[in-house]
Amino acid sequence: MGLRPERMSKVSVTGAKRVIDDVIEAAYDHHSLHVTDYDGRYEGFEPGTSLSGAETVNDRLVTVRSLQSILDVDEDRVSAAGRLDDETLTAELERVRDRVNELTDRRDELRASLRDQQEAIDRVEPFADLGIALDLLDGYDSLEVVVGRARADAVETALAAADDVAAFDVFTGDDVVAAFAAPADDAGDGALQDALVGVDIAVLEVPDAETDPDAYVAELEAERDELRAEIAGVDEELAALREEAADFLVRAEEQLAIEAEKKQAPLSFATTENAFVAEGWMPTATVADFEAAVADAVGDHAEVEELHQASYAADGS
């Protein structure tokens, strides 16, 4: 013998506009009515609008969900029982949000500094390969210097063939070349650069530092490691805040999600300036109890009517 679905009834709730909040609250507490969207069939009625405070509730809900995402709060975490009063929820949400903003802003600053530091290291490391002090690669009156990534033999061939270069010397590292050249007496400025026009070379800017490049790299790496340690410290603080605030955020998200639904419920109602009609489905067995719950909430200011019951074929369809 097949099991038939639970018998369902379509009901309407008609009431005065001034008790719409209380009716919605009673319906949510009863957990049985599934409201259907207003289809426009009642003359003089329009779809309702969200209840007062909907925007505030939605903003809080967005904030809570954002904090859950930032802190990586487990969505399946079971929250503690009990409703948060509005004052407590508002104050705690502001506290957690401010702390999260403070820590994430600090982490973003540190990460930006870390990127800058790594770029500085990347710029200096080729010069460490050369083994030439940085202050020796710039500042000459009678010499021109170019440092770049290129084949040393190509650089030497080009300089040897250049009429505007009187003398030159080339120093090489693992993948970098430093070319020193003395221009000919009648050569103009930029004789070295002109001589290398036909060479495949990626010119590197000489860092502004008067120190041994190996020591400079070591100094930059030490500062980079300090930044990494600071970032790890901020991450630890965020992890501690997650453990501290997770239960609150889960409770707040559940509570605000329900509150947002309540505030937006009238969007599915038919309304006039003074009245509303809501329709939906519920188990037939709960209709009388639901009618009593609405009456307890608002008295005779709203009426529940069973419009019809769903009928089923022999096969349960």
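**Figure 1. Buried side of helix H2 in the predicted model.** In H2, the buried residues (buried meaning under 20% relative accessible area, exposed over 50% and partly exposed in between, with a 1.4 Å probe and protein chains only) are Ala-54, Val-57, Leu-61, Val-64, Leu-67, Gln-68 and Leu-71. They lie on the same side of H2, because the arc that they cover around the axis is only 155 degrees; the arc is that of the directions from the helix axis to the C-beta atoms. Helices (H or I, at least four residues) and strands (E, at least two) are DSSP runs, numbered from the N terminus. The buried residues of H2 pack against helix H3 (86-130) and H6, where contact means heavy atoms within 4.5 Å. Exposed Glu-55, Val-62 and Ser-69 are carried by the face of H2 turned away from its buried side. This is a predicted model, in which local features need pLDDT of at least 70 and side-chain atom pairs count only at pLDDT 80 or more, while totals for chains, interfaces and linings use all residues. Residues are numbered from 1 along each chain as its sequence is written, and side-chain values use heavy atoms, with hydrogens and water left out.

**Figure 2. Length and end of helix H2.** The 18 residues of H2 (residues 54-71) should span 26 Å at 1.5 Å a residue, and this agrees with the 26 Å between its end C-alpha atoms. The expected span of a helix is 1.5 Å times one less than its number of residues. Asp-72, with a positive phi near 60 degrees, follows H2.

**Figure 3. Helix H7 and its packing partners.** For the twelve residues of H7 (residues 287-298), the span expected at 1.5 Å a residue is 16 Å, and the end C-alpha atoms are 17 Å apart, which agrees. Val-287, Phe-290, Val-294 and Val-298 are buried in H7. They are on the same side of H7, because they cover an arc of only 65 degrees around the axis. Strand S1 (8-16), H1, S9 and strand S10 (302-309) are the elements against which the buried residues of H7 pack. The face turned away from the buried side of H7 carries the exposed residues Ala-288 and Asp-296. Gly-299 follows H7 and has a positive phi, near 65 degrees.

**Figure 4. Phe-248 and Gln-255 in helix H6.** Phe-248 is found in H6 and is buried, with a relative accessible area of 10%. Residues up to four places away in sequence not being counted, Phe-248 touches Leu-84, Leu-89, Glu-92, Leu-93 and Val-96. Gln-255 also has its place in H6; Gln-255 is buried, with a relative accessible area of 12%. With residues up to four places away in sequence again left out, Gln-255 touches Arg-83, Leu-84 and Leu-89. From C-alpha to C-alpha, Phe-248 and Glu-291 are 35 Å apart in space, and they are 43 residues apart in sequence.

**Figure 5. The largest pocket and its lining.** The volume of the largest pocket is about 630 Å³. Of the 31 residues that line this pocket, Tyr-28, Asp-29, Ile-258, Glu-261 and Lys-262 are the closest to its centre. On a 1 Å grid over the protein atoms alone, a pocket is an open set of points where a 1.4 Å probe fits, with protein on both sides within 12 Å along at least five of seven lines, and lining residues have an atom within 4 Å of a point. Helix H1 (20-30), strand S2 (34-36), helix H6 (213-264) and strand S9 (275-283) each supply at least two lining residues; H6 gives the most, with eight.

How values were computed. Points joined across faces, edges and corners; volume = space filled by probe spheres on them.
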